[in-house]
Amino acid sequence: MDSDRQGGRESKPAPSTRERILLLMKTRGRMSASELAGELKLTEMAIRRHMYELEHAGSVQTVAVRQPMGRPLHKFELTAVADDLFPKNYHALALDLLTELDEDPETAGLIDRMFEGRMRKLRDRFLPRMQGLGLEERVQALAAIQNEGGYMAQVERDSEDRFTLHEYNCPITGVAGKYEQACSCELALFRSLLEVPVERTECLAKGGSRCSYSIAGNLSS
């Protein structure tokens, strides 16, 4: 048993070669295959194999860097997609900002307006995707919208016009756990987009294993 385990701590797995490449490029910027090979003690051929996979995944791209003399030098740089692979702290920032508003009596009321405004913007953004669809199609479209936001949504058909929408991940759990407005506005959004009764039966932010929504009825005319 190693010392970390003896001390009650789990050793972190060593980063993979591709993770090391991405971290190196994050801190150094554009790098050539030869520069990466030198830093990582690998052959250029091995580096190029990894770069091919990273380019295929959309994490890096090749750029031509002009030289004072001779042909341009080809280097690799991270794309915007790669930025999502590095740690973010958006939830802590959002909570800090909301707490600042909440603790000041003069601004506490703005929190409700902020969540309601966000709901209206999302409704206006997604409502065109619901036009002309039947209930089942709307529910599936809503699941697709939520999956685009990272909610890991799945739909169960309970009967001809009854469905249950499950969300197995909540990207805003930290905020929703403290501010109920996040959940109530999501429910209002679903009702507005589906135009049928929707009820939440389980909630991740309240200790549930998922967020579940019971959807029933025919579309209003």
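What volume does the second largest pocket have? In this predicted model, the volume of the second largest pocket is about 230 Å³. Its lining is formed by Ala94, Leu97, Leu98, Leu101, Met114, Phe115, Arg118, Ile172 and Val175. Two helices, α6 (90-103) and α7, each contribute at least two residues to the lining of the second largest pocket. The largest share is that of α6, which provides 4 residues. When the lining of the second largest pocket is sorted by class, 8 residues are nonpolar and 1 is charged, while no polar residue is present.

The largest pocket encloses about 350 Å³ of space. A total of 24 residues line the largest pocket, and those closest to its centre are Arg118, Leu122, Gln146, Tyr151 and Glu186. Two or more lining residues come from each of α7 (110-126), α8 (135-148) and α10 (181-194). Of the elements that contribute to the largest pocket, α7 gives the largest share of the lining, with 6 residues. The classes represented in the lining of the largest pocket are 18 nonpolar, 2 polar and 4 charged residues.

The two pockets may also be considered together. Arg118 is among the residues closest to the centre of the largest pocket, and Arg118 also belongs to the lining of the second largest pocket. Helix α7 likewise takes part in both linings: α7 supplies the largest share in the largest pocket and at least two residues in the second largest pocket.

Notes:
Residues numbered from 1 in each chain as written. Predicted model: local features only at pLDDT ≥ 70, side-chain atom pairs only at ≥ 80, totals over all residues. Heavy atoms only, no water. 1 Å grid on protein atoms, 1.4 Å probe; cavity = no way out; pocket = protein on both sides within 12 Å on 5 of 7 lines; lining within 4 Å. Points joined across faces, edges and corners; volume = space filled by probe spheres on them. Nonpolar A, V, L, I, M, F, W, Y, C, P; charged D, E, K, R; others polar.
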